[in-house]
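Open the model in your viewer and keep the selection panel at hand. The stops below go residue by residue, then to a helix pair and the chain as a whole.

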Amino acid sequence: MPMQNTSSRAPRFFYGYVVVAVSFIVMAMSSGSNYSFSVFFEPLQQEFGWSRAVTAGAMSAFLIGQGVFSMGSGRLTDRFGPRPVVTGAGLLFGAGLMMMSRVDAIWQVYIAYGVLAAAGHSATFTPLSSTVARWFQAHRGLMTGAVMAGTGLGTMVMPPLANWLIYRADWRTSYLVLGLILMTVVVTAAQFLRRDPAEVGLQPYGADRAVQMPRVPVAPASGVAFGDAVRTRQFWLLCLAFAGFGYTLQAVMSHVVIHSRGLGLTPASAAGIMTVIGGFGFAGRIGLGGLADRFGAKKLLTTALTALSLSLFWLMVARHAWQVYAFAVVFGFTYGGVVPQFSNRVAELFGLRAHGAILGAIVFCVALGSAAGPALTGYGFDVLGSYTLPFAICGGVVACAALLSCLVKPLPAKSGGVPSSEF
């Protein structure tokens, strides 16, 4: 019997870690390319003379598109698995970035970035989060955090790369190169994804029976159906909490570089803010993602949102480079810790039966809040000539998100909810 357990654990670890590693790479490329928009903000504004609200509106369009398409990508993943969905993501996102190298009007930006690139990005986070949740019953928080840590690495690498390409050539060439790199890497990586252990005759890591299973149809995963989930108070509280987080996250990620330039930082130093956010975001995803396995996703989520709120009030009054970098440390670590909890909270509350569809619907609501953040923050600067009040609003919004997170209680067992010890 021990030998049987050992031999069955090895394939599960091999396949499971391949899924995690591939998902990490895809998240690094996708999210890193997305957050590079902050580096392109100033060159776009200078070339076309757009206001900050109009320029940031491109990111808002991207986030709305991402949210709309996320609902479909989650359902497609539940039905067909992640491989074809993520392959399509690489093709669409790469094509959108390459089209950005040819734009001459704002409506073209909104189509290339707000439709094509958004459709591609939408088919990464939700499918990958749902897939990892299916592979790992134990250590789910740690493994989800490891995948989401790809965003941190991508944020460390891609914005500085884009800034270097802009310096060496121009912003159009930079977009073309990023698009080609993203398309090649994501499409290749997607071919190694598997939807769940049943495809290779295995059980999820941490399941009660740690033996190899025959390749036969398996019973549907337990949990709440999509239609039942959206009729619960818990679903909508999660949507509002994560939407508030999205508002603040995308406002900062879109404006922090140009804000830093206004404080007197050089282009390289301002782009370095994104590297710090990405690096500590990497640590936050791994560290806080792992702690969620021990203390529960709800406690980690509420704590991280509270710390995130405090960091925004610090940024509101920061005037020196070291102060902005100190903000980047706290903001990166805490926002990194929040991201894995999207998937974890859905799995904790609603199970895996319709995990992709439920997560996709929540991501759509997040996208609505996220879309408002860059545009409203840019409008606030256009009117006031300062980011002080817009960043204070961000801090207040994410503080409300922390409060809403506290109000989410487990579903009653009779309604299909997952048993929980949370109170």
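Start by selecting Phe48, which has a relative accessible area of 22% and is therefore partly exposed, since buried would require under 20%. Bear in mind at this and every later stop that the model is predicted. Phe48 belongs to helix α2, which spans residues 37-48.

Keep Phe48 selected and add what surrounds it. Apart from neighbours within four places in sequence, Phe48 is in contact with Val103, Asp104, Trp171 and Arg172. For one of these, Asp104, draw a distance between C-alpha atoms: the separation from Phe48 is 8.1 Å, with the two positions 56 residues apart along the chain.

Next, select Gln250. Is Gln250 buried or exposed? Its relative accessible area is 6%, so Gln250 is buried. The residue sits in helix α9, residues 233-262. Show its contacts, again without the neighbours within four places in sequence: Tyr35, Met59, Leu63, Ser370 and Pro374 touch Gln250.

From α9, move to the loop between α9 and α10 (267-295) and pick Thr266, which is found there. Thr266 has a relative accessible area of 43% and so counts as partly exposed. Display side chains here: that of Thr266 makes a polar contact with the side chain of Ser269, at 3.0 Å.

The following stop is a pair of helices. Two packed helices are described by the distance between their axes and the angle between those axes. Select α11 (residues 297-317) together with α13 (residues 341-350); their axes come within 10 Å and cross at roughly 145 degrees. The crossing of α11 past α13 is left-handed. Which residues meet where α11 passes α13? On the α11 side they are Ala297, Lys298 and Leu301, and on the α13 side Gln341, Asn344, Arg345 and Glu348. Sorted by class, this contact holds two nonpolar, two polar and three charged residues.

Finally, clear the selection and colour the protein chain by secondary structure. There are 15 helices and zero strands. Switch to colouring by accessibility: 57% of the 423 residues count as buried. The chain exposes about 16200 Å², and carbon and sulfur atoms supply 68% of that area. For a last view, draw the contacts between residues at least 6 apart in sequence; 84% of them join residues at least 24 apart.

Methods:
Residues numbered from 1 in each chain as written. Predicted model: local features only at pLDDT ≥ 70, side-chain atom pairs only at ≥ 80, totals over all residues. Heavy atoms only, no water. Helix = DSSP H or I, 4+ residues; strand = E, 2+ residues; numbered from the N terminus. Buried < 20%, exposed > 50% of the residue type's maximum accessible area, 1.4 Å probe, protein only. Contact = heavy atoms within 4.5 Å. Areas by Shrake-Rupley, 256 points an atom, 1.4 Å probe, with all protein chains shown as cover. Axes fitted to C-alpha atoms, helices over the stretch in contact; angles between N-to-C directions. Left-handed = near helix turned anticlockwise from the far one by under 90°. Nonpolar A, V, L, I, M, F, W, Y, C, P; charged D, E, K, R; others polar. Polar contact = N/O pair within 3.5 Å; in protein donor to acceptor, adjacent residues only side chain to side chain.
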